[in-house]
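Hi everyone, thanks for coming. Let me put today's chain up on the screen, and then we'll walk through it together.

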Amino acid sequence: MHCVFPAGCAVVAAECVEEIVDANWLDLGMPETLWTCKVKEFGPLIVSIDSHGRNIFEENKVIFNERKEKACAEICRQVGFIK
């Protein structure tokens, strides 16, 4: 399972970490390091990838692209006189 914090909650997340317990794969660089942390009242979180492989970001991308295409078609129809 992969979870993310909602936008704007980075400070909340940082304040919930009580201790860095371990760090693995440091040789891959900081972004790829696996951090094991002791946390308290960690959340709110959004499950972005669940144990069944569903990915909310990929699913939303499809929905948003469909909406974008419909909106662009409507806008182009209304401003088609602009060249």
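Let's start with L45, which sits in the loop between strand 3 and strand 4. When I say strand or helix, I mean DSSP runs numbered from the N terminus: helices are H or I with at least four residues, strands are E with at least two. Before going on, a word on ground rules: this is a predicted model, where local features need pLDDT of at least 70 and side-chain atom pairs count only at pLDDT 80 or more, while totals for chains, interfaces and linings use all residues. Residues are numbered from 1 along each chain as its sequence is written, and side-chain values use heavy atoms, with hydrogens and water left out.

Back to L45. Is L45 buried or exposed? Neither: its relative accessible area is 37%, so L45 is partly exposed (buried is under 20%, exposed over 50%, partly exposed in between, with a 1.4 Å probe and protein chains only). Leaving aside residues up to four places away in sequence, L45 touches C3, V4 and F5, where a contact means heavy atoms within 4.5 Å.

F5 brings us to the rings. Rings of Phe, Tyr and Trp (its six-membered ring) pair if their centres lie within 6.5 Å; planes under 30 degrees apart are stacked, over 60 edge-to-face, and the rest tilted. How many aromatic pairs does that rule give? Just one aromatic pair. F5 and F42 meet edge-to-face, with 5.0 Å centre to centre and 85° between the planes. This pair links distant parts of the chain, since F5 is in the loop between strand 1 (2–4) and helix 1 (10–16), F42 is in the loop between strand 3 (34–39) and strand 4 (46–49), and they are 37 residues apart. F5 is partly exposed at 22% relative accessibility, and F42 is partly exposed too, at 37%.

Now for T33, in the loop between strand 2 and strand 3. T33 counts as buried, at 8% relative accessibility. Not counting residues up to four places away in sequence, T33 touches A23, N24, W25 and L26.

Finally, let's zoom out. The chain has two helices and four strands, in the order β-α-β-β-β-α. Its radius of gyration, taken over C-alpha atoms, is 20 Å, well over the 12 Å from the globule rule for 83 residues, so the chain is more spread out than a compact globule (that rule is 2.2 Å times the number of residues to the power 0.38). Of those 83 residues, 7% count as buried. Thanks, everyone!
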